[in-house]
Amino acid sequence: MHDSCWFEAEGTPAVFVASDEFRDAARVQSEALGMPDVARVFVPHPIQDRTDAEMTALADGALDAVIAALTAR
């Protein structure tokens with residue numbers, strides 16, 4: 001979240017990507033950093049034990065949302 005907020009503050013569009021488990025933490029952190037509306041996309045949790053093929057599927061599934069968030073300005 002810190003990186004996404006920093007890039008946004010510098011004028012570079014950014015999207016925070018994390019697993020669903022971190023929704024609340026992302027909201028709290030973005031509010032604490034003064035950027036409550038920073039773009040974020042969540043994928044199903046957990047991710048650490050997924051195979052390469054499963055990770056590719058998660059990334060493919062999130063790609064449209066990430067592109068939409070980056071181009072929604």
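The buried residues of helix H3 pack against two strands, S1 (16-19) and S2 (40-43); contact here means heavy atoms within 4.5 Å. Helices (H or I, at least four residues) and strands (E, at least two) are DSSP runs, numbered from the N terminus. All of this comes from a predicted model, where local features need pLDDT of at least 70, side-chain atom pairs count only at pLDDT 80 or more, and totals for chains, interfaces and linings use all residues. Residues are numbered from 1 along each chain as its sequence is written, and side-chain values use heavy atoms, with hydrogens and water left out.

Which residues of H3 are buried? They are Leu58, Ala62, Val66 and Ala69, buried being under 20% relative accessible area, exposed over 50% and partly exposed in between (1.4 Å probe, protein chains only). Ala62 also marks the centre of a kink of about 40 degrees in H3, the bend at a residue being the angle between axes fitted to the seven residues ending there and the seven starting there. From first C-alpha to last, the 20 residues of H3 (52-71) reach 28 Å, close to the 28 Å expected at 1.5 Å a residue; that expected span is 1.5 Å times one less than the number of residues.

As for charged pairs, there are two salt bridges in the structure, each a side-chain nitrogen of Lys or Arg within 4 Å of a carboxyl oxygen of Asp or Glu. One joins Arg23 to Asp20, at 3.4 Å from N to O. The other links Glu31 with Arg27, with 3.6 Å between the closest N and O atoms. Both Glu31 and Arg27 sit in helix H2 (residues 23-32), four residues apart, or about one turn of the helix.
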